[in-house]
Amino acid sequence: MTMTLISASELAVRLGDADLRLFDLRHDLMDHAAGRRQYEQSHIAGARYLDNETELAAPRTGKNGRHPLPERAALAALLASHGVTPNTLVVAYDASGGQFASHLWWMLRWLGHDRVAVLDGGWQAWSAAGLAVESGTGPQTDPAATSGGLTPRAALTEPVNADTVLANIAQPAFTVLDARAAARYRGEMEPIDPVAGHIPGALNRPNTDNLAADGRFKSPQELRKEFEAVLGKRAPDAIVHQCGSGITASHNLLAMEVAGLSGSRLYPGSWSEWVSDASRPQAKG
């Protein structure tokens, strides 16, 4: 069974378990130091901080997007240094509706690790429940974690690259689902990337639509109904998720898993990689 979400109450029961590793993914795309500041001010007891820009992304070349995937071996080594083994339950949280936590969830599945879940409601749900927090720099790495650590296995979900997406425009084999806000998808505005618009043929499902008013994911039934309204009769394994840099697209992929629509894939480079090559077609409207 695919792991997806864990509630604050369920996590509280597990807090302190030897086989649990809890990661704080709080981040601000406009202020890259904000997440670390928030973490040091207060975080879930025992959580470790991971930086979306410096630890969970490879060096940027100007052609590989804003959050390029690191090498699988490098990512596995990073997680192993935090004590993650094949038997570890990894839980990720953020304060952004789960979008950054969902990205780590996907990355672990890319490594072949299936014991990973996102804290439903994130930091806000934990804080509202008055559960255990602490401050300071927190635990960093485990020097003793040199053997029995996490090593890449067969990926539970394979990414799609730009060349595959480009070839798909002429000979469609899958449908791209854009997770960005509707105005960005239509090309009416673009606050981050240098070009506005979307990949030709892509559909739009803003990832913010996955959440209920309380900041938690909608029910599986509601999510399934809403995704099917967008996707029609398209099979889940014929869907490739895209956003600005692969982060909020992971949120849509997770939401489809919650809805029981398993098997969709991610285009990690997404729009920021796509527009780095002016020869790739773009659409508006």
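Start by selecting Ser270, which is found in helix α10. The model on screen is a predicted one. Ser270 is buried, with a relative accessible area of 0%. Now look at the backbone at this residue: Ser270 has a positive phi of about 50°, although it is not a glycine. Most residues other than glycine have a negative phi.

**Past the end of α10**

Move along the chain to Gln282. This residue sits in the segment after α10, the helix that covers 270-274. Is Gln282 buried, partly exposed or exposed? Gln282 has a relative accessible area of 37%, so the residue is partly exposed; the partly exposed class runs between the limits of 20% and 50%.

Which residues does Gln282 touch, leaving out those up to four places away in sequence? Select Val195, His198, Pro200, Trp271, Trp274 and Val275 to show them. Then add Gly197 to the selection. The C-alpha atoms of Gln282 and Gly197 are 6.2 Å apart in space, while the two residues are 85 residues apart in sequence.

Next select Ala278, which is also found in the segment after α10. Its relative accessibility is 72%, so Ala278 counts as exposed. To see a long separation, draw a distance from the C-alpha of Ala278 to the C-alpha of Val13. The line should read 51 Å, and the two residues are 265 residues apart in sequence.

**Aromatic pairs**

How many aromatic pairs does the structure hold? There are three, and two of them are visited here. A pair of aromatic rings is described by the distance of the centres and the angle of the planes.

Select Tyr39 and Tyr49. Their ring centres are 5.5 Å apart and the planes stand at 45°, so this pair is tilted. Tyr39 belongs to helix α2 (residues 34-41) and Tyr49 to strand β4 (residues 48-49), so the pair ties together parts that are 10 residues apart in sequence. Both Tyr39 and Tyr49 are buried.

Now select Tyr93 and Trp123. Is this pair stacked, tilted or edge-to-face? The ring centres of Tyr93 and Trp123 lie 6.3 Å apart with the planes at 20°, so the pair is stacked; planes under 30 degrees apart count as stacked. Colour strand β5 (residues 89-93), which holds Tyr93, and helix α5 (residues 122-128), which holds Trp123; the pair ties together parts that are 30 residues apart in sequence. Tyr93 and Trp123 are both buried.

**Two loops**

Select Thr85 in the loop between α3 (72-81) and β5. Thr85 has a relative accessible area of 24% and is therefore partly exposed. Add Leu20, which is 65 residues away from Thr85 along the chain; the C-alpha atoms of the two are separated by 9.9 Å.

The second loop runs between α8 (220-231) and β10 (239-242), and Gly232 lies in it. Gly232, at 41% relative accessible area, is partly exposed. Show Gly285 as well: the C-alpha atoms of Gly232 and Gly285 are separated by 20 Å, and the residues are 53 apart along the chain.

**The whole chain**

Clear the selection and zoom out. In cartoon view, the chain shows 10 helices and 11 strands. Along its principal axes, the C-alpha trace spans about 50 × 40 × 35 Å. How does the radius of gyration of the chain agree with that of a compact globule? A compact globule of 285 residues would have a value near 19 Å, and the chain has 18 Å, which agrees.

Colour the residues by accessibility next. Buried residues make up 52% of the 285 residues. Switch on the surface: the accessible area comes to about 11,900 Å², and 53% of it belongs to carbon and sulfur atoms.

Among the contacts with a separation of 6 or more, 76% come from residues 24 or more positions apart. Finally, colour by charge. The chain has 26 positive and 31 negative charges, and their mean positions are 4 Å apart.

Terms used: Residues numbered from 1 in each chain as written. Predicted model: local features only at pLDDT ≥ 70, side-chain atom pairs only at ≥ 80, totals over all residues. Heavy atoms only, no water. Helix = DSSP H or I, 4+ residues; strand = E, 2+ residues; numbered from the N terminus. Rg over C-alpha atoms; globule rule 2.2 N^0.38 Å. Buried < 20%, exposed > 50% of the residue type's maximum accessible area, 1.4 Å probe, protein only. Contact = heavy atoms within 4.5 Å. Areas by Shrake-Rupley, 256 points an atom, 1.4 Å probe, with all protein chains shown as cover. Lys, Arg positive; Asp, Glu negative; His and termini not counted. Charge placed at Lys NZ, Arg CZ, Asp CG, Glu CD. Phe/Tyr/Trp six-rings, centres within 6.5 Å; stacked < 30°, edge-to-face > 60°.
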